[in-house]
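Me: Hey, got a minute to walk me through this one? I'd like to get a feel for it before I go back to the bench.

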Amino acid sequence: MRQHTSHMVGKVYGCLTVEAFTGKRVVARCACGSAREYDGRDMRRGRIISCGCKPQALTARHPKAFRAWWGAIQRCHNPNYKAYATYGLAGVRVADEWKDSFGAFFAAVGDTPTDKHSLDRFPDPFGNYEPGNVRWATAEQQARNQRRNHEIWKSGLSAKQVRRMRMRKAELKYRAKKKAEKMRL
Ligand SMILES: [Zn+2]
C-alpha cells in the first residue's frame, strides 16, 4: 500500500489537496488553508477528509461498519490480500455501487447492531456482497450459515448449481446421503 503514496501528490481527498510526499506521509493543504502532514493511507480510505475544520467523515463516525466494508473489498478485489483466494479468486464481488462508495454501502446495510455482529452474505453464502445479500450477523448466525455451506459441499454440487436450483435444506441432505451411498458401493 505504501508504494502508492507518492502518486497521491496533486490529488484531492475531500477538502485536502496533497502537495508533497515525505517518505511515509504526505503534506496536504486543507481548503481552509492550513497545511500539515497526514497518513496517506487514512486519506485514501476516506478516514481523513479535512484538517478538522469540517465534520468528521461518515467513515470515522462508523469505524466498525467501515472496516467491514473495507475488508470485503480487500477479500474480493485485492490479490495481495490473504483471504483473496477464497473470495476474489472464487468469483465473489462487491457490488460496483458499494465498491466505489462507503456511503452507498452504509445507506443500504446500516451500522453494525453490536460489536458481536459481522458482515455476512445471506441468503446466498456463495453470492456477492450486493444489495439483498448482505446482513449483519452474530457468530451463531454465521455458524448456521456455514453448516449450510458444508451441506452444499457434501452434496457434491457446485455453489453455482446450488444457487441456480435454490435448493432446500432437506434436498441437500438427501443429495449428501446419496453421494455417501454411492461411495460405499
Ligand atoms: Zn481545514
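Me: Let's start small. Where's A31?

Reply: A31 sits in the loop between strand 3 (26-30) and strand 4 (35-38). Keep in mind that this is a predicted model.

Me: And how exposed is A31?

Reply: A31 is partly exposed, because it has 14 other C-beta atoms within 10 Å, and the buried class takes 20 or more.

Me: How far is A31 from G14?

Reply: Their C-alpha atoms are separated by 8.9 Å, with the two positions 17 residues apart along the chain counted as the offset.

Me: OK, zooming out. What domains does the chain have?

Reply: The domain assignment gives domain 1, covering 2-60, and domain 2, covering 62-184. Their centres, taken over C-alpha atoms, are 34 Å apart.

Me: How many residues make contact across the two?

Reply: On the domain 1 side 5 residues are in contact with 7 residues of domain 2. The domain 1 side of that contact is made up of 2 nonpolar, 2 polar and 1 charged residues.

Me: What about the overall dimensions?

Reply: Along the principal axes, the C-alpha atoms fill a box of roughly 75 × 30 × 25 Å. The radius of gyration is 21 Å, whereas a compact globule of 185 residues would come in near 16 Å.

Me: What share of the residues is buried?

Reply: 21% of the 185 residues count as buried. As for contacts between residues at least 6 apart in sequence, 33% of them join residues at least 24 apart.

Me: Which secondary structure elements are there, and in what order?

Reply: There are 8 helices and 6 strands. Starting at the N terminus, the order is β-β-β-β-α-α-α-α-α-β-β-α-α-α.

Me: Now the inside. Which residues touch the most other members of the largest nonpolar core?

Reply: Those are W69, A72, C76, V94 and Y129, in a core of 18 residues. Helix 3 (63-77), helix 5 (102-109) and strand 6 (134-137) each give two or more residues to this core, and helix 3 gives the most, with 7. As a general point, nonpolar side chains tend to be buried together in soluble globular proteins.

Me: What does A72 touch, beyond its sequence neighbours?

Reply: Leaving aside anything within four places in sequence, A72 is in contact with V94, L119 and Y129. There's also another core lying apart from the largest one, with 11 residues, including Y13, L16, Y38 and I48.

Me: Back to helix 3. Which of its residues are buried?

Reply: A65, F66, A68, W69, A72, I73, R75 and C76. The buried residues of helix 3 pack against helix 2 (58-61), helix 4, helix 5 and strand 5.

Me: How long is helix 3, end to end?

Reply: Helix 3 has 15 residues and reaches 21 Å from its first C-alpha to its last, close to the 21 Å expected at 1.5 Å a residue.

Me: And past helix 3, is A85 buried or exposed?

Reply: A85 is exposed, because just 11 other C-beta atoms lie within 10 Å, and exposed means 12 or fewer. A85 is in the loop between helix 3 and helix 4 (96-99). The C-alpha atoms of A85 and A28 are separated by 36 Å, and the two are 57 residues apart along the chain.

Me: Switching to R121: buried or exposed?

Reply: R121 is buried, because it has 20 other C-beta atoms within 10 Å and the buried class starts at 20. R121 is found in strand 5.

Me: Which residues does R121 touch?

Reply: Not counting residues up to four places away in sequence, R121 touches G127, Y129, N133 and V134. From R121 to W136, 15 residues apart along the chain, the C-alpha separation is 8.7 Å.

Me: Is the peptide bond from F122 to P123 cis or trans?

Reply: The bond is cis, with omega near 10°. P123 lies in the loop between strand 5 (118-121) and strand 6. In general, most peptide bonds are trans.

Me: Last one: what span should helix 6 have, and what does it have?

Reply: Helix 6 (residues 139-155) should span 24 Å, because it has 17 residues at 1.5 Å a residue, and its end C-alpha atoms are indeed 24 Å apart. Just after helix 6, G156 takes a positive phi of about 80°.

Note on methods:
Residues numbered from 1 in each chain as written. Predicted model: local features only at pLDDT ≥ 70, side-chain atom pairs only at ≥ 80, totals over all residues. Domains from an automatic or database assignment. Nonpolar A, V, L, I, M, F, W, Y, C, P; charged D, E, K, R; others polar. Helix = DSSP H or I, 4+ residues; strand = E, 2+ residues; numbered from the N terminus. Rg over C-alpha atoms; globule rule 2.2 N^0.38 Å. Core = buried A, V, L, I, M, F, W, Y, C linked by C-beta atoms within 7 Å. Expected span 1.5 Å × (residues − 1).
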